[in-house]
Amino acid sequence: MLRMLLALGAGGLFGAGLMLSGMTDTTKVQGWLDIFGNWDPTLAFVMSGALLPMALAWRLTEGRRPAAGGSFPAPPKAELDRRLILGSVLFGAGWGLAGLCPGPAIASLSYNGWQGALFFVAMACGMLAAPALSRHLDRAAANA
């Protein structure tokens, strides 16, 4: 029960932060990505406001266990490989075209009408198809 309450609180705080920072406003996100046009640099503060505390959190969790049980995830690998680059390109292309990434897409279900729901369904289909596509690409790379 404690884990559920903590997850609800963390999710609510995350959603409130997305709304407050403008990450759910597709025009603001697309303005951030339009570096050669009408560039809006305000989301740089949002990103640094997320990256700096997360870097600190990785340091503080070394050797500790979560209060609600389980374990902290391992730090990500620091290597650039084909999968990371391809995934980043696809994520960035989707983010740039739609102005939404997964967190804001979920938040947009509450205010973005059928367009938000359609984007969410398309995003979920992509997430479900990604493991099979990844296995296919790995087999193709191994056979090349």
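**Exercise 1. Get a first impression of the whole chain.**
Find the accessible surface of the protein chain, and what share of that surface belongs to carbon and sulfur atoms.

*Solution.* Start with the outside: the accessible surface of the protein chain is about 10600 Å², and carbon and sulfur atoms hold 72% of this area. Keep in mind that you are looking at a predicted model. Next, take the extent: along its principal axes, the C-alpha trace spans about 45 × 40 × 30 Å. Then turn to the inside: the chain has 144 residues, and 15% of them count as buried. Finally, look at the contacts between residues with a separation of 6 or more: 44% of these join residues 24 or more positions apart.

**Exercise 2. Describe the secondary structure.**
State how many helices and how many strands the protein chain has.

*Solution.* Count the elements: there are six helices and zero strands. Now read along the sequence, and the pattern comes out as α-α-α-α-α-α.

**Exercise 3. Classify the crossing of H2 and H3.**
Decide whether H2 and H3 are roughly parallel or roughly perpendicular to each other.

*Solution.* First locate the helices: H2 covers residues 26–33 and H3 covers residues 43–60. Their axes come within 10 Å and cross at roughly 90°. Angles of 65 to 115 degrees count as roughly perpendicular, so H2 and H3 are roughly perpendicular to each other. Now see who makes the contact: H2 brings Lys28, Val29 and Trp32, while H3 brings Leu43, Ala44 and Met47. Sorted by class, the contact of H2 with H3 has five nonpolar residues, no polar ones and one charged one.

**Exercise 4. Repeat the reasoning for H2 and H4.**
Work out which residues of H2 and H4 make the contact between these helices.

*Solution.* Begin with the geometry: the axes of H2 and H4 come within 8 Å and cross at roughly 125°. This angle makes H2 oblique to H4. On the H2 side, the contact is made by Thr26, Val29, Gln30, Trp32 and Leu33; on the H4 side, by Trp95, Gly96, Leu97 and Ala98. Six of the residues in this contact are nonpolar, three are polar and none is charged.

**Exercise 5. Compare directions in H4 and H6.**
Determine whether H4 and H6 are roughly parallel or roughly antiparallel to each other.

*Solution.* H4 spans residues 82–98 and H6 spans residues 113–143; they pack at an angle of about 155°, with axes 12 Å apart. An angle over 145 degrees counts as roughly antiparallel, and therefore H4 and H6 are roughly antiparallel to each other. The crossing of H4 past H6 is right-handed. Arg82, Arg83, Leu86 and Ala98 of H4 meet Phe119, Ser134, Leu137, Asp138 and Ala141 of H6. By class, that contact of H4 with H6 holds five nonpolar, one polar and three charged residues.

**Exercise 6. Look up two single residues.**
Say whether Thr24 is buried or exposed, and do the same for Ser108.

*Solution.* Thr24 sits in the loop between helix H1 (2–21) and H2. Buried means under 20% relative accessible area, so Thr24, at 10%, counts as buried. Setting aside residues up to four places away in sequence, Thr24 touches Leu18, Met19, Leu100, Pro104, Ala107 and Tyr111.

Ser108 belongs to helix H5 (residues 102–108). With 0% relative accessibility, Ser108 counts as buried. Beyond its neighbours within four places in sequence, Ser108 is in contact with Leu100 and Gly116. As a last step, go from Ser108 to Val29: they are 79 residues apart along the chain, and their C-alpha atoms are separated by 14 Å.

Note on methods. Residues are numbered from 1 along each chain as its sequence is written. This is a predicted model: local features need pLDDT of at least 70, side-chain atom pairs count only at pLDDT 80 or more; totals for chains, interfaces and linings use all residues. Side-chain values use heavy atoms; hydrogens and water are left out. Axes are lines fitted to C-alpha atoms, for helices over the stretch in contact, and angles run from 0 to 180 degrees between N-to-C directions. Helices (H or I, at least four residues) and strands (E, at least two) are DSSP runs, numbered from the N terminus. Angles under 35 degrees count as roughly parallel, over 145 as roughly antiparallel, 65 to 115 as roughly perpendicular and the rest as oblique. Contact means heavy atoms within 4.5 Å. Ala, Val, Leu, Ile, Met, Phe, Trp, Tyr, Cys and Pro count as nonpolar, Asp, Glu, Lys and Arg as charged, and the others, Gly among them, as polar. A crossing is left-handed if the near helix is turned anticlockwise from the far one by less than a right angle, and right-handed if clockwise. Buried means under 20% relative accessible area, exposed over 50%, partly exposed in between (1.4 Å probe, protein chains only). Accessible areas come from the Shrake-Rupley method with a 1.4 Å probe; for residues, only the protein chains shown count as cover.
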